[in-house]
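Student: I would like to take a close look at a single part of this model, with the surroundings described only as far as they help. Could you take me through one of its sheets slowly and carefully?

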Amino acid sequence: MGQPAVNPPREGTGSMKRILSVAFIVCYVSALTYGNVCHLLRHGTVSHTMMYMIVWDMFCGWSAYDSRVHLIAEGESETYYDLSHPPWGELHAFGYISRENYDPFNSHTGTIGLNVLKHTRHEPITRILVIEESWPKKLNLPDAIWNLRYDNPKDRHSYFRVRTILLPDGTITKQQDSFLSCQARKLSTANPRLAQDAFSGRPLFLNEGNGEIGRDLPVGPGASRISAPSAQ
Amino acid sequence: MAATSEALNGRSESGFNKFFFAREIPYGMALARISLPLVLLVDIVRRWGFSREIYSTDGAIATLHANFGQPDLLPELPAPAAVGLFTLLGALLVTSALGWRTRLSLFGACGLYVYFSFMDCLSTVTKYTVIAQHVLFLLALSNCGELWSVDAWIARRRGIRLDLRAPIWPQRLVQILFGMIYFGAGITKMHTEGFFTGDQLVFWMMTYINNEHPLGDHLTRYPLIVSISCYTTFIWEIVFIFTVFQQRLRWWMLAIGTIFHIMTVFTLGLIIFPVVITASYLVFLSEEDVKKIVGWRPFRGLARYLVDAPEAAGQSAVSRPAPARGAFGSFAVFAMTMAVISFAGIECEYLLDHYKTRGPGGPLPLLEIAREDVERMLAPEQPLRQSDKLMAFDMGSVLVGEHLASHRTQYHPGERFVAQVSLNPPHEDMWLECSMCESMPGEDDEEGRLVPGRILYKTGLIMLRESFRTNFLFTIDNGIAPGEYFLKLYSANEEVARKRFTVLPGKIRAASAD
């Protein structure tokens, strides 16, 4: 009675537990090492979703231009509606901008717009536009810091670029690359010799499925479709 | 038996045994178990009201696995199930911190957190959530729940003496995880063009997608300091895994790491990330460390919370009557509680009516946009303005590497100075001109500032598309009177920046460009 009860030792489980522990240690450290080796060699880092769990690419580079995404819907009356700020409020997950701004590949933004349409009252919608607004990041600096470094006044100017146009059923009718990709592409076309070589070397027949960057994708059988919010 | 095995297997296995299978009271793991779930709970609570919208088929799911080309990897749940499970995730994080059914809570929290992270690549999954998931998983494998927990309290009431000392391999794996993370982060930095010059980090400091970062704003003026910090960070990240297990260097490495992560709050506006990492750093505390810390004067009051020896647990265990089996500590009670919380969450979320579709005015009308705003957005695309291609136009006298060590606007005769041009990539091959002008006395602009007048000297150079910055070198020599002057920068015959500077009195007068 004076001695408290102690968890009884489990005979025969000790060595098995140890073997399993060692096996787990080896597997876990191997998985972490594999992730780092793939990352170092830049091979297979996107081969499976689970690679995201073991590849530590936490600094992927930052561009010189900041951008925000605007989601707008055009009604039959040619009235435009704001889908970026839904009437029930928006989640600012990591700071003070909403989630469509964290979609660099523009893969899910259309779905967000369609979801806002699905849960709001509105006239019939003819199309949804995903528009990217960009500006040089130096213009983000607070005025006090700006005045310490720059003698010129801050002259804010934004560049707008339509990234995607969707029909209300989710069909993509137009898709373009980002502002930054477009600027990088213009560098090559600014070289007349290179542009001439590229033009003369272009194949006669279009390769179906490889839309030219920056040009409209075809509407019809080749048009891709994004996932529309499904009914619950 | 263990000693014999050790002797037979030689020194190397002895080292392995000591490293992974030494038996310690897991104070560090217990502290991490208490603090990390509470930090993560901040994120969960903030997203709970939006769980229908971001995690269910009644919203706009943005799965991570779709980005990896595996859209069907995980099932997409209807709203009640998603909300119920997300509520359960929050509840499990609370029970993990409390240590109630700790192992089950941690495994459950880890699994659900992974699921919800994968379901939302836009506003949930980040590298800190992945790190947290690893740590939760390894905490679940440890016996961290047998200390400072409801489980320990229940065991004491039942008169069960827990064996608190256990092999430390889960703790070691968390420590190795951090070493690997930093090593991987170092590899990323090696791969990132423009990282070591500090330019990438400066652009990050100018990015406002996180929170306010006042120190970062100021540091953008000093890329040399940023560059030195980049090298320091890289070296620290690479050597971390090789030094953090050495007794002499361990505290230094952890102290630098803590300062580094705290600084990201002020320089980059990160908040949850550094708190998650700092909470996880508690796993680096060994039993001996905790005893030492509690021996320090400010922490002596905490000594009574240490379970130093089995006797302490035993004494407390026998002093209380053991309750009937199947009460608070049973699995059934735990499962029932979790089920009730989940269903309550589903009901609350339904009553809150996230989309406001069932209210008197519901569904809510869409917000209209002003026509002029739309016309601005849909106007034909414009070419980049020359001034927008410029990142900065700075003056100074000392170059370290490619950076100006100081920004000066006053020069003595005979001094050389540098006018440095930094451009925003990408940019085409550009012809840049730099003119030195005298000021126009008595002709101020609208804001009362001096304006440039006659051009005294003009020079130019080609800046190739792969270049980020270039320098114009000037020497003050004969011909220039003391006073106010300007440097004006032109691109495509358009003035893109100007800089005012002062020539102080001296013997030599005039300026020439090298």
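Tutor: Before we begin, one term has to be fixed: two strands are said to pair if DSSP finds at least two bridges between them. Please also keep in mind that this is a predicted model.

With that term in hand, consider the open sheet of five strands in chain B, whose order is β8-β14-β13-β10-β11 and whose pairing is mixed. Its edge strands are β8 (410–411) and β11 (450–463) of chain B, each of which pairs on one side only. Strand β10 (residues 430–444) of chain B is joined to β11(B) by ten bridges, and the two run antiparallel. Within this pair, D444(B) has L450(B) of β11(B) standing opposite. As background, strands of a sheet pair through backbone hydrogen bonds, either parallel or antiparallel.

A useful companion to this sheet is an open sheet of six strands, with antiparallel pairing, whose order is β6(A)-β5(A)-β4(A)-β2(A)-β3(A)-β4(B). At its edges stand β6 (172–175) of chain A and β4 (367–368) of chain B, and because each has a single partner strand, one side of each is left without a neighbour in the sheet. The partner of β4(B) is strand β3 (residues 80–82) of chain A, to which two bridges join β4(B) in an antiparallel arrangement. One of the residues involved is Y81(A), whose bridge partner in β4(B) is E368(B). Helix α4 (residues 179–189) of chain A packs on this sheet, where it touches β2, β4 and β5 of chain A, and its direction makes about 115 degrees with that of β5(A). Helix α2 (residues 109–118) of chain A lies across β2 (65–75), β4 (125–136) and β5 (159–166) of chain A, and runs at about 40 degrees to β2(A).

Turning to the contact between the two chains, 126 residues from chain B and 104 residues from chain A take part in it. The area buried between chain B and chain A is about 10900 Å², and carbon and sulfur atoms give 61% of that area. Of the area that chain B buries against chain A, L122(B), K127(B) and L366(B) supply 8%, more than any other three residues.

Finally, chain B also holds helix α9 (residues 169–191), in which 20 of the 23 residues are buried, so this helix is largely enclosed by the rest of the structure. At 1.5 Å a residue, the 23 residues of α9(B) should span 33 Å, which agrees with the 32 Å between its end C-alpha atoms.

Definitions and conventions. Residues are numbered from 1 along each chain as its sequence is written. Chains are lettered from A and ligands numbered from 1 in the order in which they are written. This is a predicted model: local features need pLDDT of at least 70, side-chain atom pairs count only at pLDDT 80 or more; totals for chains, interfaces and linings use all residues. Side-chain values use heavy atoms; hydrogens and water are left out. Helices (H or I, at least four residues) and strands (E, at least two) are DSSP runs, numbered from the N terminus. Contact means heavy atoms within 4.5 Å. Axes are lines fitted to C-alpha atoms, for helices over the stretch in contact, and angles run from 0 to 180 degrees between N-to-C directions. The expected span of a helix is 1.5 Å times one less than its number of residues. Buried means under 20% relative accessible area, exposed over 50%, partly exposed in between (1.4 Å probe, protein chains only). Buried area is the accessible area (1.4 Å probe) that two parts lose on being put together, summed over both.
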